[in-house]
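Here are a few exercises to work through with the structure open on your screen. Try each task before you read its solution.

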Amino acid sequence: MITVSTATRGYRKLDYDHDNDNGGDGTGVVPKWPRYQVLNSMARDLIVFGEDWGGLPSSTQHLVRHLARDRRVLWVNSIGMRRPRLTAGDLGRLGHKVRAMLSGAGRPGPSAEPPPFPVLAPRALPWPGNPLARAVNRRVLGRQVARAAADHGMREPVLWTSLPTAVDVVGTLGEHAVVYFCGDDFGALAGVDHAPVLRMEQELVELADLVFVVSQPLLARFPAAKTRLLLQGVDFDLFSSPAVRAPDLPDSGPVAGFFGMIEDWVDTDLLADLARRLPDWHFFLIGSVKTNVSALAALGNVTLAGPRPYARLPSYAQHWDVSLLPFRDGDTMRAANPLKLREYLAAGQPVVSTDFPWLDGYRDLVSVATGPADFAAAVAAARLEPAGRAAPRRARVAGESWQARAAEAAALIDALG
């Protein structure tokens, strides 16, 4: 249980019981706010519907970490954007969700930092568009979240959702306003039931008081009167501060690197072609694999390294010879604004990318390739660039921190009244 003392003006002092009330699970790990937190009396509390907390941080996680510094936040883990299939992967995820639901607390991934606020495992049916599931979610999930918010002292919070499926609880939480943060084209994104999720997104946009988008293509999709462009940020201090070279990074020749989810939008055919064209190079790919990589796995100069903790990524990106953005052309990537572009630039090493609109504003700092041969030539040339080129890359993104982006968001949210 969390009790709140108001004895210190301007601060909220929290005392913690390590039991299973209000989100604990009996293990002694209780999601909580910092023991002392400066509260802005003008800042509305936030209920945030996002992906499951943990793993590689999303835009929402980065932003909300900073927003939480002067307001209460309750984070609700993902309520799903497609119905489960009878596959081993889906059944495993469903089992994990059920266990979390029964404990009441959303647990961070094994490499994630502890959340700086309570994280709730939602009691929800993951079946977008199904009328019965939607009715159940509105009633059961709405009550669960409203009760948790009340337990944590929230009154008339702002409801922030990065998932269209949270539309079912709009109006059940006593919220002051609704904010939709759209970071993807849900009509093209893999792992989404596109038609019902797009219908729910339209409902959500009609109800929202403010819509944030991360790219110009997304900006054009929503009503101009309520939609604002909020570009991606970067943890500049993390990626620009000198880091010790990762011990498992190959050191016997030049290395081209990538970090992020290896999904269908990553051009694995291009990567395999590059590895064959550049046999003296090693291609070191960090991230969970969610697509067919058999062509890459068969090559001796390719390492599929699996995921690494976010805080350790600079130990790789600052020390390989070139950073790669090898994405397939398609609606998903055209509407996106990848975090790793700014993270790579902050790390300082040369960047080679396939061509996308989100490179505008950075093209003088990135080698843009139009095909396999062009991409291979750009990778090879990057190793020969003159010294001193890291400084302008870092300077370009130094003012694009997540703290600055969160301040932009906070100003617009707090202007809602």
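**Exercise 1. Find the residue that caps the N-terminal end of helix 7, then describe the surroundings of this helix in the predicted model.**

*Solution.*

Step 1. Start at the N-terminal end of helix 7, where Asp 267 acts as the cap. One of its side-chain oxygens lies 3.3 Å from the backbone nitrogen of Asp 269. Keep in mind that this is a predicted model.

Step 2. Now go along the helix, which spans residues 268-277, and pick out its buried residues: Thr 268, Leu 270, Leu 271, Ala 272, Leu 274 and Ala 275.

Step 3. Look at what these buried residues pack against. The partners are strand 12 (282-286), helix 8 (294-297), strand 13, strand 14 (322-325), strand 15 (351-354) and helix 12 (372-382).

**Exercise 2. Decide whether Thr 268 is buried or exposed, and list what it touches.**

*Solution.*

Step 1. Thr 268 belongs to helix 7. Its relative accessibility is 7%, and buried means under 20%, so Thr 268 counts as buried.

Step 2. Leaving out residues up to four places away in sequence, Thr 268 touches Ile 262, Thr 291, Asn 292, Val 293, Leu 296 and Arg 328.

Step 3. With one of these neighbours, Arg 328, the Thr 268 side chain makes a side-chain polar contact of 3.4 Å.

**Exercise 3. Trace three salt bridges and say which parts of the chain each one ties together.**

*Solution.*

Step 1. A search of the whole structure gives 20 salt bridges. Take Asp 414 and Arg 71, whose closest N and O atoms are 3.1 Å apart. Asp 414 sits in helix 14 (residues 402-414), while Arg 71 sits in the loop between helix 1 (59-67) and strand 5 (73-76), so this pair ties together parts that are 343 residues apart in sequence. Asp 414 is partly exposed at 25% relative accessibility, whereas Arg 71 is buried at 1%.

Step 2. Next, go to Asp 248 and Arg 308, whose side chains meet in a salt bridge of 2.7 Å, N to O. Both residues are in loops: Asp 248 between helix 6 (236-240) and strand 11 (255-259), and Arg 308 between strand 13 (302-306) and helix 9 (314-317). The pair therefore ties together parts that are 60 residues apart in sequence. Asp 248 is partly exposed, with a relative accessible area of 32%, and Arg 308 is buried, with 17%.

Step 3. Finish with Glu 400 and Arg 342, where the closest N and O atoms are 2.8 Å apart. Glu 400 lies in the loop between helix 13 (390-397) and helix 14, and Arg 342 lies in helix 11 (residues 339-347), so parts that are 58 residues apart in sequence are tied together. Glu 400 and Arg 342 are both buried.

Step 4. Widen the view around that last pair. Arg 342, Glu 400, Arg 405 and Glu 408 are linked in a network of salt bridges.

**Exercise 4. Work out how far helix 1 is enclosed, and by what.**

*Solution.*

Step 1. Count the buried residues: 7 of the 9 residues of helix 1 are buried, so the helix is largely enclosed by the rest of the structure.

Step 2. Name them: Ser 59, Thr 60, Gln 61, His 62, Leu 63, Val 64 and Leu 67.

Step 3. Look for the cover over these residues. It includes strand 4 (46-49), strand 5, strand 7 (158-161), strand 8, helix 11 and helix 14.

**Exercise 5. Locate the largest nonpolar core and the largest cavity.**

*Solution.*

Step 1. The largest nonpolar core has 62 residues, and those touching the most other members are Ile 47, Phe 49, Phe 117, Val 145, Trp 160, Tyr 180 and Phe 212. Strand 8 (residues 177-182) gives the largest share of this core, 6 residues.

Step 2. Apart from this core lies another, of 58 residues, including Phe 258, Leu 278, Leu 325 and Leu 365.

Step 3. Turn to the empty space. The search finds 1 cavity of 30 Å³ or more, and the largest cavity holds about 70 Å³. Among its lining residues are Leu 125, Trp 127, Arg 134, Asn 137, Asp 168 and Met 200. Helix 3 (residues 131-151) supplies the largest share of the lining, 3 residues.

Technical notes: Residues numbered from 1 in each chain as written. Predicted model: local features only at pLDDT ≥ 70, side-chain atom pairs only at ≥ 80, totals over all residues. Heavy atoms only, no water. Core = buried A, V, L, I, M, F, W, Y, C linked by side-chain atoms within 4.5 Å. Buried < 20%, exposed > 50% of the residue type's maximum accessible area, 1.4 Å probe, protein only. Helix = DSSP H or I, 4+ residues; strand = E, 2+ residues; numbered from the N terminus. Salt bridge = Lys/Arg side-chain N within 4 Å of Asp/Glu carboxyl O. Contact = heavy atoms within 4.5 Å. Polar contact = N/O pair within 3.5 Å; in protein donor to acceptor, adjacent residues only side chain to side chain. 1 Å grid on protein atoms, 1.4 Å probe; cavity = no way out; pocket = protein on both sides within 12 Å on 5 of 7 lines; lining within 4 Å. Points joined across faces, edges and corners; volume = space filled by probe spheres on them.
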